[in-house]
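Biologist: Could you pick one part of this model and take me through it closely? I'd like to know what sits there, what it pairs with, and then how the surroundings look.

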Amino acid sequence: MTHPDIHFELRGDDQEVAVIRLARSAKRNALNDSLILALRDIFETLPKSVRAAVIDGEGPHFCAGLDLSELKERDAGQGLHHSRMWHAALERVQFGPVPVIAALHGAVVGGGLELATACHIRVADASTFYALPEGSRGIFVGGGGSVRIPKLIGAARMADMMLTGRVYDAQDGERIGLAQYLVPEGQAFDKACALALRVAQNAPLTNYALIQALPRIAEQPADQGYFTEAMMAAIAQSAPEAKQRLNDFLEGRAAKVSKQ
């Protein structure tokens, strides 16, 4: 779990929340290959106690994208394999063992937005801004952004961001779907941790279904989606923990849903 550009810690009474903080603040937490591979390794080796994770950025910015100072000249084949390496690493975030919550602040730009959209929940504070400057740099997204970002905001909005250099502030970013939560400046991390602790209390198999099955069902034709849903529902409710939770509710030991 040790890497010079990542700070890792466990939180919660049972060490159920992993906090993964990008620690290249002098570079606005820009991503290089070493950092991407370290993220992959972390999500492949999370302690068994972990049930949710938070990704944060040290300093005033979440992540300003690809570290262009380390961008190497590559032929087409090398570029293809490099992009696929990023895909595999960020897939471990999206389809890893636990739900992941991003605490966004400052720059969420380029590869930083690709990382954020690989997370399941995004909490932005008022300082957050989003951009995809690849169009002006003469490059194209290569970390899965062309797949994940349009699912949140639509292909037309993503094309506009890349063609014109449009920057979305925190309020408009939440409005179009780049974040699910918007909090005052400086509060994104605390809110993300609070959500992670809440998520960690869910039945593990249900959390697994939500991050593994739900996005796949959403892409299936309806008849296949219904069948996958039925299979997942049957598996989830058969777990001993699910049976206990349902009994607790039926016998009045579990809180009812109320307006918050």
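**Asp33 and its surroundings**

Modeller: Let's start with Asp33, which is partly exposed, its relative accessible area being 27%. Keep in mind that this is a predicted model. Asp33 belongs to helix α1, which covers residues 33-44. Its partner is Arg74: the two form a salt bridge, and their closest N and O atoms are 3.8 Å apart. The cut-off for a salt bridge is 4 Å, nitrogen to carboxyl oxygen, and the 3.8 Å of this pair is within it. Arg74 sits in the loop between β3 (52-57) and α2, so the pair ties together parts that lie 41 residues apart in sequence. As for cover, Arg74 is partly exposed too, with a relative accessible area of 27%. Anything under 20% would count as buried and anything over 50% as exposed, so at 27% Asp33 falls in between.

Staying in helix α1, Ser34 is there as well. Ser34 is partly exposed, at a relative accessible area of 38%. If you want a yardstick across the model, take Ser34 and Pro99: they are 65 residues apart along the chain, and 23 Å separates their C-alpha atoms.

Now step back into the loop between β2 (17-22) and α1, where Arg28 is found. Arg28 is partly exposed, with 38% relative accessible area. What does Arg28 touch, leaving out residues up to four places away in sequence? The list is His61, Cys63, Ala64, Ala107 and Phe129. For another long span, Arg28 and Met231 are 203 residues apart in sequence, and 44 Å lies between their C-alpha atoms.

Asn29 has its place in that loop between β2 and α1 as well. What stands out is the backbone: Asn29 has a positive phi, near 60°, and it is a residue other than glycine. Is Asn29 buried or exposed? Buried, with a relative accessible area of 0%. Gln15 also has a positive phi without being a glycine, at about 55°. Gln15 is in the loop between β1 (6-11) and β2, and here the cover is partial: Gln15 is partly exposed, with 42% relative accessible area.

Back to charges, since that is where we came in. Side chains of opposite charge can pair when their charged atoms come close. A search of the whole structure turns up twelve salt bridges. One of the pairs is Arg11 with Glu9, where the closest N and O atoms are 3.4 Å apart. Arg11 is partly exposed at 33% relative accessible area, and Glu9 is partly exposed at 30%. Another is Arg166 with Asp160, whose side chains meet at 3.1 Å, N to O. Arg166 counts as partly exposed with 37% relative accessibility, and Asp160 does too with 24%. There is also a network of salt bridges, and it links Asp5, Arg24, Lys27 and Asp67.

From the loop that holds Arg74, we can go on to helix α2, which covers residues 76-94. Two packed helices are described by the angle between their axes and the distance between the axes. For α2 and α3 (residues 111-118), the axes come within 8 Å and cross at roughly 40°. On the α2 side the contact is made by Leu90, Val93 and Gln94, and on the α3 side by Glu114, Leu115 and Ala118. By type, the residues of this contact are four nonpolar, one polar and one charged. How many of the eight residues of α3 are buried? Eight of the eight, so α3 is largely enclosed by the rest of the structure. Among the buried residues of α3 are Gly111, Gly112 and Thr117, and Glu114 is buried as well.

For a last look at the surface, Leu68, Leu71 and Ile139 form a nonpolar patch, and together they have about 230 Å² of accessible area. Ile139 lies in the loop between α4 (134-137) and α5 (145-153). On its own, Ile139 is partly exposed, at 34% relative accessible area. Patch residues need over 30%, so Ile139 passes that cut-off with its 34%.

Note on methods:
Residues numbered from 1 in each chain as written. Predicted model: local features only at pLDDT ≥ 70, side-chain atom pairs only at ≥ 80, totals over all residues. Heavy atoms only, no water. Axes fitted to C-alpha atoms, helices over the stretch in contact; angles between N-to-C directions. Helix = DSSP H or I, 4+ residues; strand = E, 2+ residues; numbered from the N terminus. Contact = heavy atoms within 4.5 Å. Nonpolar A, V, L, I, M, F, W, Y, C, P; charged D, E, K, R; others polar. Patch = residues over 30% accessible without salt bridge, like charges linked within 9 Å, V, L, I, M, F, W, Y side chains within 5 Å. Areas by Shrake-Rupley, 256 points an atom, 1.4 Å probe, with all protein chains shown as cover. Buried < 20%, exposed > 50% of the residue type's maximum accessible area, 1.4 Å probe, protein only.
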